[in-house]
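Hi,

Here is the structure I promised to pass on to you. Have a look at it first, and my notes on the strands follow below.

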Amino acid sequence: MSEITFLASSKPFIIMRDTLESESPLHQTNEEINEFWVSEVTFPEWRNSLKKVFSLPYIYEISTIQHNQFIHYIKTYLEDGDSVELAYFSNQHDLSHGVTRIIETSDPIIINLKSLVYQDRSGTYQMSTRNWIEELSHKLYVNEYSVTTIMKPFNG
């Protein structure tokens with residue numbers, strides 16, 4: 001089995017390497033920075049399957065989402081009104097089964113970067129304005145049974 005994670009975005013998702021290198025609070029090597037990448041999903045079968053779980057138009061395969069680097073980049077990348085959705089699949093060779101599981105299970109995770117609220121099936125958690133990136137890095141913000149929405153709404 002080969003796992004895979006996808007990201008859908010409200011606008012084209014472009015990783016700006018200079019942002020990663022200059023603004024990241026983490027001291028990372030170039031190798032660690034280069035491990036963070038996205039690639040547009042062009043395979044028609046995958047795109048069609050993913051459109052069943054994503055509501056946003058731009059769909060990418062993404063790496064290293066369980067690192068602070070991803071969270072920091074999202075914080076920097078998202079503008080007011082933007083959002084991204086994430087979906088993780090443990091077996092990329094059986095994507096249709098994973099999509100069906102997400103649709104049937106529907107266990108969403110919602111992260112609001114304006115109000116710093118994390119919400120999942122177990123409840124709602126208010127993150128601290130001082131160390132929310134660290135707090136979020138300890139949360140499960142992507143799993144096989146849900147689509148995670150990370151948003152930065154116009155008003156909190």
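In this predicted model, strand 4 (residues 82-89) and strand 8 (residues 147-152) run antiparallel and are joined by six bridges. If you want a spot to start from, go to D82, which stands opposite K152 in strand 8.

Strand 8 also pairs with strand 5 (residues 109-112), this time in the parallel sense, over four bridges. There, I110 is the residue that stands opposite T149 in strand 8.

Strand 4 has another pairing to look at: six bridges join it to strand 1 (residues 4-9), and these two strands run antiparallel. Within this pairing, A8 has E85 in strand 4 as its bridge partner.

What packs on the sheet here? Helix 5 (residues 95-105) does, and this helix touches strand 1, strand 4 and strand 8. The direction of helix 5 makes about 120° with that of strand 4.

Now for the whole sheet. Its eight strands form an open sheet in the order 2-3-1-4-8-5-6-7, and the pairing is mixed. Which strands are at the edges? They are strand 2 (38-40) and strand 7 (123-126), each of which pairs on one side only. From one strand to the next, the twist averages 20°.

As you trace the order, you will pass strand 1, strand 4, strand 8 and strand 5 in succession, so to speak the stretch I have described above. Happy to go through any of this with you whenever it suits.

Best wishes

Key:
Residues numbered from 1 in each chain as written. Predicted model: local features only at pLDDT ≥ 70, side-chain atom pairs only at ≥ 80, totals over all residues. Heavy atoms only, no water. Pairing = 2+ DSSP bridges. Axes fitted to C-alpha atoms, helices over the stretch in contact; angles between N-to-C directions. Contact = heavy atoms within 4.5 Å.
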